[in-house]
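Visitor: I am new to this structure. Please take one part of it and go through it closely.

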Amino acid sequence: MWEIVIVLLLICIVAYDIKGNTYLREGMHWLLWGLMTAMSAFAYNLGVDVMNAYQPVFEEYLPKFGQANVGDILFNLFPEFEPGYMLFTALCKTIIPSWYFMKAIFAIITNLIIFNLIKRYSSHFFSVLLLYFVLVFPAQHFGFLRQTMAIWFMLLAFDRMHKKQWVRSIVWLLIATLCHTSALVLFVAPIYFLIGKDFKRFFIIFAVFAIVFILFREFIISNVLSLGFSDYVGEKYETYSNDELRQRTFSFFTILKYVINVGIPLYTIYLLNKRGKDVEYTPEVFLASTFLLINIFMPFLARANDYLDIFRYMLFVEFFFLIAEQIREIKISRAVVFSLIVGYTIAVGISRYNRYMPYSPVKSIYAYYPYSSVFTKNMPPERQYIYNVRVE
């Protein structure tokens, strides 16, 4: 199934994003939406969190309305699950007490929001969708379901911030935190929307924040850990700081990685502005750049990047098309942009999925590949191992 969607995306990139055809474009949009939604809804033991935590707890313990009152569902029964997620599962389970029904509703909402976001902001829809499908989709649909729900409301908050509707945006931010506590760190977002698209103001404020953080790093960290939500922050700080995959050693490749992931999106905004093109999601990119740099020193804030990665990927695609525009020969230009999009996807995908999972001899890719559906219930031995050891 993964292969089918990727092949369709590659065909659509050439036909629509590169050649500019319009025939059946909208139909391909909805075909890909349907395939991705079905993949998420009917997946069988994909991911790590889903098969080792979410699905077993949902099927065996989570209540529906009538089995417990709203207060118990939201606050008392499972304190490890945020209230927003508990309310969502209770509602779905009351209608149809099936994990796959709940997962279908989850997939429909998530893909509608993400597809609409890409279509709204990018003229290269299928190119961005390829990056989303390979680099974001697996984690969103088979990993952190609660955080994905928080992303729904965070994107609504960003939309209100663009319109300077601060009260509504704060309400959506608060709802996002009820789905996943990591959304708390996004309460700094209004500052970036007040900065708007002003590069000079962004760099001044960012420089001030950076200097203060570097000078008072230990003081800031110790006080953050002593806040009221210290159980969550303390646990994540210890886990992420001790996780070898999240360690930040100052090597040439680490510096290059951050130069690319921060520098290229910012430079692309600059180039587009010089050409008179407005990048509406500039504040989100400023925010993403800040968290990426903070992540060098505080890896436990890495989850903040999951809210913002899609905006960086949209700018990477814009950058690739800007490079191709400099080539006058149209056939060479098309080949270059296609190669850059596919090459970037492969390079980042290998980095992300070709590493071993914590405390396991199994690589990350096997958590998602090959695809298994509830209808066939195929269980590759590598995924069986992940299921048996229940990697934390």
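Guide: What follows deals with the salt bridges, and then briefly with other parts of the chain.

The model is predicted, so local features need pLDDT of at least 70 and side-chain atom pairs count only at pLDDT 80 or more, while totals for chains, interfaces and linings use all residues. Residues are numbered from 1 along each chain as its sequence is written, and side-chain values use heavy atoms, with hydrogens and water left out. The predictor's confidence in each residue is its pLDDT, on a scale from 0 to 100. For this chain the mean pLDDT is 84, and 87% of the residues reach 70 or more. Confidence is highest in helix α7 (residues 125–135), at a mean of 96, and lowest in helix α14 (residues 230–242), at 55. Helices are DSSP runs (H or I, at least four residues), as are strands (E, at least two), numbered from the N terminus.

A salt bridge here is a side-chain nitrogen of Lys or Arg within 4 Å of a carboxyl oxygen of Asp or Glu. The structure holds eight of them. One of these joins the side chains of R120 and D159, at 2.9 Å from N to O. R120 belongs to helix α6 (residues 99–121) and D159 to helix α9 (residues 145–162), so this pair links distant parts of the chain, 39 residues apart.

How much cover the two partners have is given by relative accessible area: under 20% is buried, over 50% is exposed, and anything in between is partly exposed (1.4 Å probe, protein chains only). By that scale R120 is partly exposed, at 40%, whereas D159 is buried, at 14%. D159 also meets R160 in a salt bridge, with 2.7 Å from N to O. R160 is buried too, at 15% relative accessibility. These three residues are part of a network of salt bridges, in which R120, D159, R160, K163 and E280 are linked.

Another salt bridge pairs E325 with R275, and the closest N and O atoms are 2.7 Å apart. E325 lies in helix α17 (residues 309–325), while R275 sits in the loop between α15 (252–274) and α16 (282–297), so the bridge ties together parts that are 50 residues apart in sequence. E325 is partly exposed, with 43% relative accessibility, and R275 is partly exposed as well, at 42%.

Links between cysteines are another matter. A disulfide is a pair of cysteine sulfur atoms within 2.5 Å, and the structure holds zero of these. Among its cysteines, C92 is buried, with a relative accessible area of 4%, and C179 is buried at 2%.

Last comes a helix after the salt-bridged α17. Helix α18 (residues 330–353) has 24 residues. The expected span of a helix is 1.5 Å times one less than its number of residues, so α18 should span 34 Å, and this agrees with its end C-alpha atoms, which are 34 Å apart. Its buried residues are S333, V337, I341, Y344, T345, V348, G349 and Y353. An α-helix has 3.6 residues a turn, so residues three or four places apart point the same way.
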